[in-house]
Amino acid sequence: MRILVPVDESLHSRRVIEFISHRETLLGTTPEIELVNVQYSVPETIIHLFGMEAVKQYYLEAGKKVFDELGPETLRRRGVTERVLYGDIGKTLAEEAEVFKADLIVMGTRGLNPVKGLLLGSVSNDLLARTKVPMLLLRDKTPPLMDKLRVGIFVDGSDYGAAAADFVLRNRELFGAKSEFTVVHASAPIPDPVAPNPVSPHMPTLTRQEREAEQRRVFADAVKPVIEPFETAGLAVKAELVVGDADHALADYANKNLDIVVMGSHGYGNFKAAVLGSTAMHVAALTEAPILVIRKD
């Protein structure tokens with residue numbers, strides 16, 4: 001597994017290094033890990049004044065200082081590489097992920113307001129908009145450091161859930177040898193009492209029992225394609241139905257029951273539209289646990 005880890009001098013980066021350093025099952029498979037620090041580009045006038053070589057030397061020294069202060073000794077002993085780049089951070093990281101052929105990007109991100117914070121744009125959001133590489137985002141809360149994780153795969157019946165499950169199965173070492181897997185689906189609550197159809201009042205109205213049966217059918221259809229590959233692989237997996245507004249119900253379930261969330265998400269390209277319409281992005285803003293976003297066109 002090839003893992004790209006963007007770092008800076010922040011506490012978020014320290015949490016990322018600590019988290020990866022405790023992934024015993026993952027590190028036992030000798031993954032290729034590259035730590036990347038991106039320095040901001042300086043104005044052209046500064047380059048002309050001091051010369052490009054002097055500017056590059058400054059970048060290298062500043063980046064090395066970041067690596068030294070992080071002190072990723074556990075990773076260094078395993079041959080992790082360190083790379084200093086400069087330019088627009090999101091764009092540069094997306095390009096490096098492609099050059100490095102990364103299977104996963106792991107980075108820290110601050111807590112975000114579900115609408116305003118996401119639209120204002122952080123490095124993580126900018127990178128999400130530019131890359132199709134799966135991204136594991138670690139939040140403000142210190143992530144679990146044990147190798148056994150409670151993993152939740154959020155599904156809605158679309159191909160995004162299947163893509164998320166496929167990534168988990170292909171990269172089980174990331175989660176630990178004895179991790180617990182739960183496939184989670186959200187459903188809107190059934191109104192009580194069930195009101196007559198306002199458009200066609202003479203049309204038959206579904207009873208509560210019929211609505212509940214339909215809710216169970218949709219739930220089974222959503223989770224079955226994701227559960228079956230786990231069972232085929234011999235992994236224990238369970239399914240959970242949460243009721244309520246999807247954004248808040250899923251986030252609340254994650255905060256109470258999970259160590260890491262895995263979700264598929266669309267939105268490559270027209271990112272603002274995706275933020276406003278994507279449950280994945282809103283759950284990412286509301287969830288304290290690390291969230292792994294699997295991109296899909």
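This note goes through the sheet and the salt bridges of a predicted model.

1. **The sheet.** Start with the strands. Ten of them form an open sheet. Their order is β3-β2-β1-β4-β5-β10-β9-β6-β7-β8, and the pairing is mixed. The edges are β3 (81-86) and β8 (237-243), each of which pairs on one side only. On average, neighbouring strands in this sheet are turned by 25° against each other, direction ignored.

2. **One strand pair up close.** Strands of a sheet pair through backbone hydrogen bonds, and the sense is either parallel or antiparallel. Which sense do β2 and β3 show? Strand β2 (residues 32-39) pairs with β3 in the parallel sense, over six bridges. To find the place, look at E34: its bridge partner in β3 is T81.

3. **A helix on the sheet.** Helix α8 (residues 123-130) packs on the sheet. The helix touches β4 (104-108), β5 (135-138) and β10 (291-295). The direction of α8 makes about 170° with that of β5.

4. **Salt bridges overall.** Side chains of opposite charge can pair when their charged atoms come close. How many salt bridges does a search of the whole structure find? The search finds 14. Three of these pairs follow, then a network.

5. **R150 and D259.** These side chains meet in a salt bridge at 3.1 Å, N to O. The pair links distant parts of the chain, with the two positions 109 residues apart. R150 sits in strand β6 (residues 150-155). D259 lies in the loop between α11 (246-257) and β9 (260-265). Are the two partners buried or exposed? D259 has a relative accessible area of 9%, so it counts as buried. R150 is partly exposed, at 34%.

6. **R170 and D166.** Here the salt bridge is 2.8 Å, N to O. Both residues lie in helix α9 (residues 159-170). They are four residues apart, about one turn of the helix. R170 is exposed because its relative accessible area, 52%, is over 50%. D166 is partly exposed at 39%.

7. **K256 and D252.** This salt bridge is 3.3 Å, N to O. Both residues belong to helix α11, four residues apart, about one turn of the helix. K256 is exposed, with a relative accessible area of 59%. D252 is partly exposed at 37%.

8. **A shared network.** Which residues do salt bridges with shared partners join into one network? They are D88, D126 and R130.

Key:
Residues numbered from 1 in each chain as written. Predicted model: local features only at pLDDT ≥ 70, side-chain atom pairs only at ≥ 80, totals over all residues. Heavy atoms only, no water. Pairing = 2+ DSSP bridges. Axes fitted to C-alpha atoms, helices over the stretch in contact; angles between N-to-C directions. Contact = heavy atoms within 4.5 Å. Salt bridge = Lys/Arg side-chain N within 4 Å of Asp/Glu carboxyl O. Buried < 20%, exposed > 50% of the residue type's maximum accessible area, 1.4 Å probe, protein only.
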